[in-house]
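Here is a quick tour for anyone meeting this chain for the first time. Have a look at the model, then read on.

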Amino acid sequence: MNTRYHKYYFIIGFSALSLTACVTKKYERPALNSNDLYRDNTTADTSTMANLPWKNLFTDAPLQVLIQQGINENLDLKQAIERIKVAEATLLQNKAALLPSLTADVSVTDAKQSRAALNFPPGININTETQTYRAQLSTSWEADIWGKLSSAKRSAYASLLQTDAAKRAVQTQLIANIANSYYNLLALDKQLSITEQTIRIRQADVETMKSLKEGAVVNGAAVVQSEANLYAAQVTLPDLKRSIRETENALSILLGKGAGKIDRGTLDQQTVYSNLQTGVSAQLLQNRPDVQAAEFALRAAFENKNVAKAYFYPALTLTANGGLSSLSLKNFFDNSVFYNLIGGITQPIFNKGQNKARLKTAEAQQQMAFYGFQQTLLTSGQEVSNALYAYQAASEKETTRAKQIASLTKAVDYTKELLRYSSATNYTDVLTSEQSLLAAQLSSINDRLQKLQSVVNLYRALGGGWKE
């Protein structure tokens with residue numbers, strides 16, 4: 001190739017590279033309203049509990065053991081890690097596409113032909129046989145003049161970051177699920193304990209009613225009602241025990257093990273975290289792994305559109321091969337060198353509408369990814385708002401519920417005393433007050449559970465759980 005052709009190739013290549021920016025664009029985060037996503041929360045303080053390591057939030061020792069076991073063994077988390085490996089391999093493949101290919105080929109060709117086939121006179125049949133020995137290297141390289149290959153690489157990289165963010169989102173959800181299931185288990189234990197205590201009290205009530213009947217203070221109806229009241233409490237035990245067992249089994253699955261007993265503390269030992277710092281909603285873009293994953297999905301779709309646009313432009317491919325070829329093995333390295341160098345530009349003209357369809361698909365997928373990004377961000381703000389209000393509501397209920405239980409406890413004591421020493425009341429009043437007291441006690445456990453779980457949900461909604 002002479003100097004003139006070198007100059008032409010240089011001019012063409014430089015011109016093409018200068019046009020790359022006109023074909024492929026650089027990603028920029030789209031305009032999204034990430035401010036004021038928390039309802040009735042106008043704080044400007046950027047301190048957020050999302051930056052708190054999970055061990056600092058969950059100080060209960062058995063719960064810490066369970067969370068660590070879940071992080072180590074949970075199968076959903078392990079699948080997320082494997083998806084990262086797949087994305088890493090895809091990225092390496094797209095990086096390699098920018099490099100030239102290189103193949104080696106060694107061959108021996110044996111060709112045999114009769115002399116008759118070469119129009120020799122009849123009766124003469126002489127065979128000719130030749131061997132060709134060849135060893136060659138072949139290479140091919142596509143010049144990335146329109147940024148197609150670079151965009152594909154950036155898309156693969158964004159997909160890798162997306163899978164990594166998705167893995168972190170799985171971890172934050174896993175920690176929240178383990179903590180919520182653990183607290184639910186403690187609440188069921190407490191409900192079982194209160195119910196068993198209530199059963200013991202009502203068993204004593206039955207004996208008391210029988211004694212009062214013998215003293216003609218109450219009639220047989222009161223005795224039967226007291227027995228029915230006892231059975232009403234006893235009948236709830238099987239369902240409570242079933243719920244405890246099912247919660248243990250569900251928690252075992254989160255830990256990546258077979259169904260079994262869960263070691264745990266008590267509900268009364270739990271301390272509710274009260275420093276609920278939310279920061280500003282714009283921080284969700286950095287703290288929420290699922291929001292990050294949604295943006296990385298948008299970036300990948302953006303780069304895929306760049307790739308689709310590049311298909312409309314010519315591709316420059318350089319191919320070369322060279323090696324040794326000889327009819328005699330002993331002369332293989334003597335004057336047997338050959339080589340070929342080919343440069344070609346391919347311009348699509350008619351491709352059955354594939355390029356247009358590819359671009360329309362990529363544009364639609366990018367728009368879908370944008371809507372998904374926007375939806376994930378809005379949903380994250382909603383989850384923070386819901387968790388904050390759930391904590392507030394639980395706190396208000398706890399205060400009122402304590403007063404209710406204190407009043408109902410006095411009502412039970414008063415009606416029992418009146419029943420024992422006067423005719424101013426009957427056992428129906430005792431029955432009503434006892435049932436109301438048990439319902440209030442069980443509800444107070446649910447209030448406590450709601451408060452604990454609202455902290456867990458707020459922590460996850462803010463993006464906590466993946467930072468060390």
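The secondary structure of this chain adds up to 11 helices and 4 strands. Keep in mind that you are looking at a predicted model. The chain has 468 residues, and buried ones make up 38% of them. About 26500 Å² of the chain is exposed, with carbon and sulfur atoms supplying 54% of that area. What about contacts along the sequence? Taking contacts between residues at least 6 apart in sequence, 83% join residues that are at least 24 apart.

**Two helices that pack together**

Let's start with helix H3 (residues 61–73) and helix H5 (residues 148–214). At what angle do H3 and H5 pack? The angle is about 145 degrees, and the two axes lie 10 Å apart. The crossing of H3 past H5 is right-handed. On the H3 side, the contact is made by Pro 62, Leu 63, Leu 66, Ile 67, Gly 70 and Ile 71. H5 brings Gln 171, Leu 174, Ile 175, Ile 178, Ala 179, Tyr 182 and Tyr 183. Sort these contact residues by type and you get 11 nonpolar, 2 polar and no charged.

H5 is also home to Ser 181. Is Ser 181 buried or exposed? Ser 181 counts as buried because its relative accessibility is 19%, and the cut-off for buried is under 20%. Setting aside residues up to four places away in sequence, Ser 181 touches Thr 247, Leu 251 and Leu 254.

**A loop meets a loop**

Now move to Ser 281, which sits in the loop between helix H7 (237–254) and helix H8 (284–287). Ser 281 counts as buried, because its relative accessibility is 4%. Which residues does Ser 281 touch, not counting those up to four places away in sequence? They are Ser 34, Asn 35, Asp 36, Leu 37 and Tyr 38. With one of these there is a polar contact too: the side chain of Ser 281 reaches the backbone nitrogen of Asp 36 at 3.1 Å.

That brings us to Asp 36 itself, which belongs to the loop between helix H1 (3–23) and helix H2 (54–57). Asp 40 is found in the loop between H1 and H2 as well. Most residues other than glycine have a negative phi. Asp 36, though, has a positive phi, near 55 degrees, and Asp 40 has a positive phi near 55 degrees too. Asp 36 counts as exposed because its relative accessibility is 69%, and Asp 40 is exposed with a relative accessible area of 77%.

Here are the four residues' accessibility values side by side:

| Residue | Relative accessibility | Class |
|---|---|---|
| Ser 281 | 4% | buried |
| Ser 181 | 19% | buried |
| Asp 36 | 69% | exposed |
| Asp 40 | 77% | exposed |

**One more stop: Thr 376**

Last up is Thr 376, placed in helix H10 (residues 354–421). Leaving out neighbours within four places in sequence, Thr 376 is in contact with Asp 290, Val 291 and Ala 294. How many residues separate Thr 376 and Ala 293 in sequence? The gap is 83 residues, while in space the two are 9.5 Å apart, C-alpha to C-alpha. The side chain of Thr 376 also reaches the backbone oxygen of Gly 372, at 2.8 Å.

Terms used
Residues numbered from 1 in each chain as written. Predicted model: local features only at pLDDT ≥ 70, side-chain atom pairs only at ≥ 80, totals over all residues. Heavy atoms only, no water. Axes fitted to C-alpha atoms, helices over the stretch in contact; angles between N-to-C directions. Helix = DSSP H or I, 4+ residues; strand = E, 2+ residues; numbered from the N terminus. Left-handed = near helix turned anticlockwise from the far one by under 90°. Contact = heavy atoms within 4.5 Å. Nonpolar A, V, L, I, M, F, W, Y, C, P; charged D, E, K, R; others polar. Buried < 20%, exposed > 50% of the residue type's maximum accessible area, 1.4 Å probe, protein only. Polar contact = N/O pair within 3.5 Å; in protein donor to acceptor, adjacent residues only side chain to side chain. Areas by Shrake-Rupley, 256 points an atom, 1.4 Å probe, with all protein chains shown as cover.
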